[in-house]
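Visitor: I should like to learn how the packing of helices is read from a model. May we work through an example together?

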Amino acid sequence: MCVERGAEVCAVVATDGERGGDGHELGARRRAEQEQAARTLGYRKVMFLGYPDRALGKHRAALAVVVGALLEEIHPDAVFTFDGQSPKRPYVHPDHQAIAGAVWSACVAAPHPPELVLFNSRRPNVSVDVRCVLRRKIAALQAHRSQVAGGQLPRPLRPVWKWAGRRTGFPLVLAEERFRLVRFDAAHPS
């Protein structure tokens with residue numbers, strides 16, 4: 001959606017997911033899959049931070065410094081990350097919690113903090129109709145062949161998108177994504 005509206009999107013990936021399954025050279029394979037997904041979505045750039053998979057919690061303070069430096073370098077209007085405060089259950093991953101906390105800390109400390117757009121949230125306050133990019137989103141998901149069975153659309157997403165479409169009244173089945181938008185002022189996030 002952002003690319004379609006003229007935004008330059010830069011994805012930052014903290015780990016390669018090298019421990020997320022079996023297979024030789026899994027980290028390199030997942031990097032290639034991420035780059036393919038980014039091309040499919042029209043992202044300008046993908047940056048890999050190279051932290052060890054399933055160990056981000058040990059590096060959260062250093063990660064917040066790295067994210068802060070990226071904020072200074074890139075000056076984004078918005079940053080998307082996991083909701084570390086109210087994640088959707090049952091899926092809560094420690095690396096996702098760690099990156100969410102590091103990004104939150106970096107945004108709070110930034111002199112001109114960007115909007116923070118949190119996904120996988122139990123407390124969404126924004127709904128986005130994604131019909132115009134749905135085919136591209138599915139193709140990007142399918143690029144992650146080591147994480148989705150042979151490049152097939154993950155089954156858990158099918159009922160979620162169907163439910164979301166019915167709930168919002170969008171005429172197409174796969175239609176909505178929900179986020180928690182956080183805006184920082186000088187004193188408090190909203």
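Visitor: How are α1 and α4 oriented to each other, roughly parallel or roughly antiparallel?

Guide: Two packed helices are described by the angle between their axes and the distance between the axes. The axes of α1 (residues 26-41) and α4 (residues 134-143) come within 8 Å and cross at roughly 170°. The two helices, α1 and α4, are therefore roughly antiparallel, a term for angles over 145 degrees. This is a predicted model, in which local features need pLDDT of at least 70 and side-chain atom pairs count only at pLDDT 80 or more, while totals for chains, interfaces and linings use all residues. Residues are numbered from 1 along each chain as its sequence is written, and side-chain values use heavy atoms, without hydrogens and water.

Visitor: Which residues of α1 make the contact with α4?

Guide: They are Glu33, Gln36, Ala37, Thr40 and Leu41, where contact means heavy atoms within 4.5 Å. From α4 come Arg136, Lys137, Ala139, Ala140 and Ala143.

Visitor: Is Gln34 of α1 buried or exposed?

Guide: Gln34 is buried, with a relative accessible area of 19%; buried means under 20%. Beyond its neighbours within four places in sequence, Gln34 is in contact with Val13, Val46, Phe48 and His144.

Visitor: At what angle do the axes of α2 and α3 cross?

Guide: The axes of α2 (residues 60-74) and α3 (residues 94-109) cross at roughly 50° and come within 8 Å. These helices, α2 and α3, are therefore oblique to each other, the term for angles outside the ranges under 35, 65 to 115 and over 145 degrees. Among the residues in contact are Leu63 and Val67 of α2 and Ile99 and Val103 of α3.

Definitions and conventions:
Axes are lines fitted to C-alpha atoms, for helices over the stretch in contact, and angles run from 0 to 180 degrees between N-to-C directions. Helices (H or I, at least four residues) and strands (E, at least two) are DSSP runs, numbered from the N terminus. Buried means under 20% relative accessible area, exposed over 50%, partly exposed in between (1.4 Å probe, protein chains only).
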